[in-house]
Amino acid sequence: MDLEALRRYSALHPKPAGLTLQYGTAGFRSRAEQLDHIVFRMGLLAILRSKAVTATIGIMVTASHNPEEDNGVKLVDPLGEMLHPSWEEYATQLANAEEQELQKVITEICQKAEVNLHKDASVFIGRDTRPSSKKLSQSVIDGIQVLGGQYHDYGLVTTPQLHYMVCCQNTQGQYGKATLEGYYEKLSKAFMELIKQSHCSGENQKHLKIDCANGIGALKLSEMKPYFPQEVVIHIYNDGTKEKLNHLCGADFVKVQQKPPGGLDMKPNERCCSFDGDADRIVYYYKDTAGHFHLIDGDKIATLISIFLKELLAKVKQDFKMAVVQTAYANGNSTRYLQETLKVPVHCVKTGVKHLHHKAQEFDVGVYFEANGHGTVLFSKTAETKIRQLVKEEKDDEKREAAKMLENMIDLINQTVGDAVSDMLVIEAILALKGLTVQQWDALYTDLPNRLLKVQVADRRVIDTTDAERRALTPPGLQEKIDALVKKYKLSRAFVRPSGTEDVVRIYAEADTQVRQGVMKEVCFHTCHLTMLNKC
């Protein structure tokens with residue numbers, strides 16, 4: 001380690017006095033002007049991680065659905081997954097170390113993680129379209145170069161594309177080519193193979209309006225347009241040429257506000273969807289003939305995909321274990337439909353993509369989606385190998401065709417992380433193959449009316465939870481109050497959980513009718529009263 005170079009470059013990326021940030025599921029996020037030292041140090045950490053696992057590591061500069069003034073950075077592990085939890089602690093230590101302690105902290109990480117500094121290291125870098133992202137990417141490069149690492153800067157890419165590239169690189173091309181062209185070709189080929197068997201549902205069913213949140217998704221969809229077949233005609237809105245990133249648009253805005261994004265003119269029964277700022281979330285929606293807005297969120301996306309996969313798995317007649325993974329935010333009626341109508345096992349885990357991803361890995365086919373539209377499908381190596389074998393060797397026509405469709409689904413789905421582009425193509429293929437309109441999809445079940453509130457608090461750590469964050473352990477008495485309240489209402493459920501990234505408490509409630517959601521007000525009151533942190 002060149003200590004002089006470390007001191008010199010660190011001085012160019014000084015840590016602001018008194019600033020403390022924590023690495024979470026989304027990495028680091030804050031105002032862009034506070035992050036220069038963070039991204040420089042994550043360049044250092046990426047090299048240490050690369051040397052520790054002898055593989056290429058990814059770094060993405062993005063703040064996803066946050067306002068344009070924010071930014072962030074997160075690391076991507078060798079198979080495109082989130083950074084290993086044990087290294088999240090190292091990231092936090094390195095980010096918050098004072099200048100004079102930097103060398104000491106790096107040395108300690110090397111000792112604890114058994115990092116051999118003499119090994120080679122490489123990092124893939126990507127960034128979103130925020131004005132601050134290019135400069136912050138250069139700070140990442142400074143950190144990489146201090147420790148003598150190699151890097152490839154992909155420039156402007158979606159977050160899922162960077163995850164994809166890292167996985168391709170570390171599987172020696174088995175997952176695909178580590179290029180944008182390779183990504184476009186793999187997805188488009190699988191998509192076209194799938195929809196070959198669909199029946200034309202009319203001109204209107206070809207068209208899809210896409211709100212790209214004025215983010216990177218617009219740029220990458222435009223690049224991918226030539227790869228799309230005639231069966232799909234996409235219309236891009238909020239492409240970043242006029243308005244700010246995520247401002248009154250994007251998947252998070254549509255989900256939270258329960259209304260259409262600005263900049264997109266909706267006509268009755270038109271199929272529309274929204275990406276978020278870095279294109280790893282997607283939600284669908286439409287407006288009926290009476291002008292009412294209908295949101296189709298991650299729960300219904302998971303349900304549609306589960307129906308399709310369950311039918312194909314039944315046809316190939318293999319003993320594959322399939323399950324859906326949700327969080328506490330999943331609508332109660334979605335869980336009931338999956339368990340009682342589809343007979344698909346459902347598992348609830350703590351909020352955060354890493355928890356869903358980890359649980360989904362336990363099954364041959366694991367479908368996971370957060371209600372916010374972030375999700376994907378994981379196929380075990382055993383299942384994938386068997387499916388590909390059936391395509392080549394199966395004599396029964398029906399079983400072979402079902403296996404072929406499953407194989408194309410495997411290739412179309414980005415299994416490394418939630419991917420709005422990939423998920424959009426999966427959904428469009430399923431709707432075409434099943435001949436479903438967006439209204440018929442929406443009618444599979446009716447969401448229970450629900451509300452989600454965010455309450456600013458002084459210290460979110462006062463609230464501790466258990467049972468996948470569905471029950472409060474502290475402060476004393478809070479869960480008892482919630483239990484008493486929900487008993488008053490039919491199909492009622494409510495929970496309180498602290499945010500993982502900011503000092504806010506999130507309060508969720510649902511019931512059989514909107515009128516009965518008085519439970520929300522009461523839960524909010526008791527939460528504030530018992531924590532003595534805020535006034536509602």
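Asp278 sits in the loop that joins β8 and β9, strands being DSSP E runs of at least two residues and helices H or I runs of at least four, numbered from the N terminus. The model is predicted: local features need pLDDT of at least 70, side-chain atom pairs count only at pLDDT 80 or more, and totals for chains, interfaces and linings use all residues. Residues are numbered from 1 along each chain as its sequence is written, and side-chain values use heavy atoms, with hydrogens and water left out.

Asp276 occupies the loop between β8 (272-275) and β9 (282-287). The table lists contacts (heavy atoms within 4.5 Å), leaving aside neighbours within four places in sequence, and burial (under 20% relative accessible area, 1.4 Å probe, protein chains only).

| Residue | Relative accessibility | Contacts |
|---|---|---|
| Asp276 | 1%, buried | Ser64, His65, Cys212, Ala213, Asn246, Ala251, Arg281 |
| Asp278 | 1%, buried | Thr62, Ser64, Thr158, Thr159, Pro160, Ile216 |

The UniProt annotation "binding site", from an unreviewed entry, covers Ser64, Asp276, Asp278 and Asp280; such annotations may be inferred rather than shown by experiment. These residues are spread over 217 residues of sequence but cluster in space, with a largest C-alpha distance of 8.0 Å.

Helix α2 (residues 36-53) and helix α5 (residues 133-146) have axes that come within 7 Å and cross at roughly 40 degrees. Axes are lines fitted to C-alpha atoms over the stretch in contact, with angles from 0 to 180 degrees between N-to-C directions. Residues of α2 in the contact include Phe40, Leu44 and Ile47, and those of α5 include Leu136, Val140 and Ile144. The contact residues divide into 8 nonpolar, 3 polar and 3 charged, where Ala, Val, Leu, Ile, Met, Phe, Trp, Tyr, Cys and Pro count as nonpolar, Asp, Glu, Lys and Arg as charged, and the others, Gly among them, as polar.

Definitions and conventions. Buried < 20%, exposed > 50% of the residue type's maximum accessible area, 1.4 Å probe, protein only.
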